[in-house]
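Visitor: I should like to take a close look at a single part of this structure. Would you please choose one strand and explain how it fits into its surroundings?

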Amino acid sequence: MDRDGLKKYFDVLELEINASINEIRNAYMLLKEVYGDPESIVTGPLADEMEDENHQDILDRLEEAYTRLIAAFDQDRGEPKRQLEKVLTDIDTYDGPALKKIRRRLKVDLNDMALATRIQVQHLINIEEENFTALPVRVYTRGFVANYARHLHLDEERVVSDYMTGFCRHEKDNNDDS
Amino acid sequence: MESLKGIWAVGGGKGGVGKSFIVSTIGTVLARRGNRVLLVDADLGGATLHHFLGMKRSVVSLSDFFDRGIDLKDLVSETSLPGLDFIRGHKSSLGSENVNYAQKNKFLRHLKQLAAEYLVLVDLGAGSSHNIIDTFLTADLMALVIVPEIIAVENMYSFLKNALFRKLVAGLGEIGRQHVLIDTWKRRHENGIKGFKGLISRMSNRDDEIGERIRREIENFRIHLIVNQARNNQEAMVGNAVKSVCLKYFGINTLYSGYVEHDEFISRCVNRRELYLESYPASRCAREIERLTDNLLTNRQISIIS
């Protein structure tokens, strides 16, 4: 969000440009009541100072500022989802290479992901490269993959289901060999 | 820790909003933290501060300053709290509001002398008379107390406008141009100036030494707002609302420093001659006064409560 560009709206709501969405809501509610309620004890004594149009002006500006700021916050919230949609267009199955492709397109660094998910980098690499033999037993790998998916805001259930299908197939093949 | 020095003035325009309570409790908090605090009851018409300090009688008072010319420093008496001293207000208020110019200047001079040794907290009287406003403007920290009632709010606006106007007149007076401001205001109808903010913006937008001076005076006009006797969050938010109005309608940037809840035990303490903070140290009010004091010291503010 371009907070500096929105400064005039923060100003109208008498907020600093780093205000949270809650602060924006609270300020809007309060100011709307102050300048919109003819019985307000705070603006009542100002009858001589204020003109009706002036009053309506303030309310209009409040409304505009609030609408613009809320829209900016909504856009921020929607942004990761829109990005993802673009990235996922050619993905059918969430296997190791697919996950790697998605992660790279999202420009997420493996080391950052390791820090955030508390999964060792080597495990993350093994997931992407499908080094199934190097990965821990099913229940742990399942947890790692779920974590991986969550970190990239992917559909966790589907990713786990797709990935573990491959993992189990490998497990089964191995058992058959022995 | 170095003891704080200077003058803090607490006014409000309306009587009975709790200025004396606020002054006595803030003074108590600051004294307990190791400062040498002097409370001065400058409410010449209706001195009440002594009641909040649990003091029945004191030998000397401001009457001795105004009627007998005794130095302010010789009128200081101790309270029951170490570090908290006190100058009592006028005892017999006959004609006491008619303090003349020379007396006022001497009073302010003596206050400043005491502020070299003490943190002086001045409890101002009601109204917006010149004597009260001049004392207010002398202070290093200026605070206004309101209660969430329309009359208190209205009186506070009036006090605020009068105080700023007087400060601007005095500021321009130093460069001999005060008549420009006074004339502009008198002829506001011909000049198309609506209200106080119109005057302020007209004057501060001037592209000369007057405009420059006005801008500087306004920047130095830092007012702390205190809401007393709030019964709920909505009443506490009157402080946020008033802050907004002061900015939008008068062009004055105020700081909303804190609120204190309504507490009926306060008047009980007064009647029993007890110090509220000594009797109810764990009350919500006591915590709010601590926070208010901290905010006054650091310029922090109360944000809007949801």
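Guide: What follows begins with the two chains as wholes and then turns to one strand, β6 of chain B.

The model is a predicted one, and two chains, A and B, are described here. Chain B contains 14 helices and 8 strands. Its radius of gyration is 19 Å, close to the 19 Å that the globule rule gives for 306 residues, so chain B is as compact as a globular protein of that length. The C-alpha trace of chain B extends over about 60 × 55 × 40 Å along its principal axes. Of the 306 residues in chain B, 55% are buried. When contacts in chain B between residues at least 6 apart in sequence are considered, 75% of them join residues at least 24 apart.

The other chain gives a useful background. Chain A has 8 helices and 0 strands, and its pattern along the sequence reads α-α-α-α-α-α-α-α. Its radius of gyration is 26 Å, well over the 16 Å that the globule rule gives for 178 residues, so chain A is more spread out than a compact globule. Along the principal axes, the C-alpha trace of chain A spans about 95 × 30 × 25 Å. Buried residues account for 40% of the 178 residues in chain A. A strand must therefore be sought in chain B, because chain B has 8 strands and chain A has 0.The sheet of chain B comes next. Its 8 strands form an open sheet with mixed pairing, in the order β3-β4-β2-β5-β1-β6-β7-β8. At the edges stand β3 (77-78) and β8 (254-261) of chain B, each with a single partner strand, so one side of each is left without a neighbour in the sheet. In this order, β6(B) stands between β1(B) and β7(B).

Consider first the pairing with β1(B), which covers residues 6-11. The two strands run parallel and are joined by 4 bridges. Within this pairing, Trp8(B) has Leu141(B) of β6(B) as its bridge partner. Strand β7(B), residues 223-230, also pairs with β6(B) in the parallel sense, over 5 bridges. Here Ile146(B) stands opposite Val227(B) in β7(B).

The side chains of the strand deserve equal attention. In a regular strand the side chains alternate between the two faces of the sheet. From β6(B), Leu141(B), Ala143(B) and Val145(B) point one way, whereas Met142(B), Leu144(B) and Ile146(B) point the other way. Are these residues buried or exposed? Every one of them is buried, and the strand, residues 141-146, is accordingly described as mostly covered, with 6 of its 6 residues buried.

Two of these residues link the separate views of the strand. Leu141(B) is the bridge partner of Trp8(B) and is buried on one side of β6(B). Ile146(B) faces Val227(B) across the pairing with β7(B), and its side chain is buried on the other side.

Note on methods
Residues are numbered from 1 along each chain as its sequence is written. Chains are lettered from A and ligands numbered from 1 in the order in which they are written. This is a predicted model: local features need pLDDT of at least 70, side-chain atom pairs count only at pLDDT 80 or more; totals for chains, interfaces and linings use all residues. Side-chain values use heavy atoms; hydrogens and water are left out. The radius of gyration is taken over C-alpha atoms; the globule rule is 2.2 Å times the number of residues to the power 0.38. Buried means under 20% relative accessible area, exposed over 50%, partly exposed in between (1.4 Å probe, protein chains only). Contact means heavy atoms within 4.5 Å. Two strands pair if DSSP finds at least two bridges between them.
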